[in-house]
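Hello,

Here is the structure I promised to pass on. Please open it first, then read my notes below.

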Amino acid sequence: VQLQASGGGLVQAGDSLRLSCAASGRTFSSESVAWFRQAPGKEREFVAGISWSDSRAYYADSVKGRFTISASKNSVYLQMNSLKPEDTAVYYCAADPDWRVPRSSYEYDYWGQGTQVTVSS
């Protein structure tokens, strides 16, 4: 499966962005699809994930209440509200056949190319 992430940009603190991850080459059925992010000098971290089979969503504590992950057809979205400068990172979407939404990036087999999100203060 090929993943294409888009929607990043430069915004001010408090603004919103919506990231999209479009899949091609295969139709999602029972996979986990997640968003990770990586800031300069830091490890890639789990942001949010969704189980395609039951639409159950999971979030990192740092984004709970501000970010919402959703899925439609063969795309996954990340609505990011009340953005903070510490949300600045390259955001990646990833997919894995494991329906349990792993939190570790090492568990994911398929990755999009990343989209830059920059939040100014």
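K73 counts as exposed, because its relative accessibility is 78% and the cut-off for exposed is over 50%. This is a predicted model, so please read all of my notes in that light. K73 sits in the loop between β7 and β8. Its phi is near 50 degrees, a positive value in a residue other than glycine. Most residues other than glycine have a negative phi.

S82 also has a phi near 50 degrees, again positive and again in a residue other than glycine. You will find S82 in the loop between β8 and β9. S82 counts as partly exposed, because its relative accessibility is 42%, and partly exposed runs between 20% and 50%.

Now stay in that loop and look at D87. D87 is also placed between β8 (75–80) and β9 (89–96). Is D87 buried or exposed? D87 counts as buried, because its relative accessibility is 1% and buried means under 20%.

What does the side chain of D87 reach? One partner is the side chain of R66, in a polar contact at 2.8 Å. Another is the backbone nitrogen of K84, also reached at 2.8 Å. Leave aside the neighbours within four places in sequence, and D87 is in contact with R37, R66, F67, S82, V117 and V119. So S82 comes up again here, as one of the residues that D87 contacts.

Next, the sheet. Four strands form an open sheet in the order β1-β3-β8-β7, and the pairing is antiparallel. Its edge strands are β1 (2–6) and β7 (67–72), each of which pairs on one side only. Neighbouring strands of this sheet are turned by 15 degrees against each other on average, direction ignored.

Start at the β7 edge. β7 pairs with β8 in the antiparallel sense, over six bridges. Within this stretch, A71 stands opposite V76 in β8. The loop between these two strands is the one that holds K73.

Then go to the other edge. β1 pairs with β3 (residues 17–24), also in the antiparallel sense, over five bridges. L3 has A23 as its bridge partner in β3. Which residues of β1 are on the covered face, and which on the uncovered one? L3 and A5 make up the covered face. Q2, Q4 and S6 make up the uncovered face. In a regular strand the side chains alternate between the two faces of the sheet.

Finally, the whole chain. How many helices and strands does the protein chain have? There are zero helices and eleven strands. Along the sequence the pattern reads β-β-β-β-β-β-β-β-β-β-β.

On overall dimensions, the C-alpha atoms fill a box of roughly 40 × 25 × 25 Å along the principal axes. The radius of gyration is 13 Å, which agrees with the value near 14 Å for a compact globule of 121 residues. Of the 121 residues, 44% count as buried. The accessible surface comes to about 6200 Å², and 45% of it belongs to carbon and sulfur atoms. Take the contacts between residues at least 6 apart in sequence: 57% of them join residues at least 24 apart.

If you have time for one place, start with D87, the buried residue whose side chain makes a polar contact with that of R66.

Best wishes

Note on methods. Residues are numbered from 1 along each chain as its sequence is written. This is a predicted model: local features need pLDDT of at least 70, side-chain atom pairs count only at pLDDT 80 or more; totals for chains, interfaces and linings use all residues. Side-chain values use heavy atoms; hydrogens and water are left out. Buried means under 20% relative accessible area, exposed over 50%, partly exposed in between (1.4 Å probe, protein chains only). A polar contact is a pair of N or O atoms within 3.5 Å; within protein, one must be able to donate a hydrogen and the other to accept it, and residues adjacent in sequence count only if both atoms are side-chain atoms. Contact means heavy atoms within 4.5 Å. Two strands pair if DSSP finds at least two bridges between them. Axes are lines fitted to C-alpha atoms, for helices over the stretch in contact, and angles run from 0 to 180 degrees between N-to-C directions. The radius of gyration is taken over C-alpha atoms; the globule rule is 2.2 Å times the number of residues to the power 0.38. Accessible areas come from the Shrake-Rupley method with a 1.4 Å probe; for residues, only the protein chains shown count as cover.
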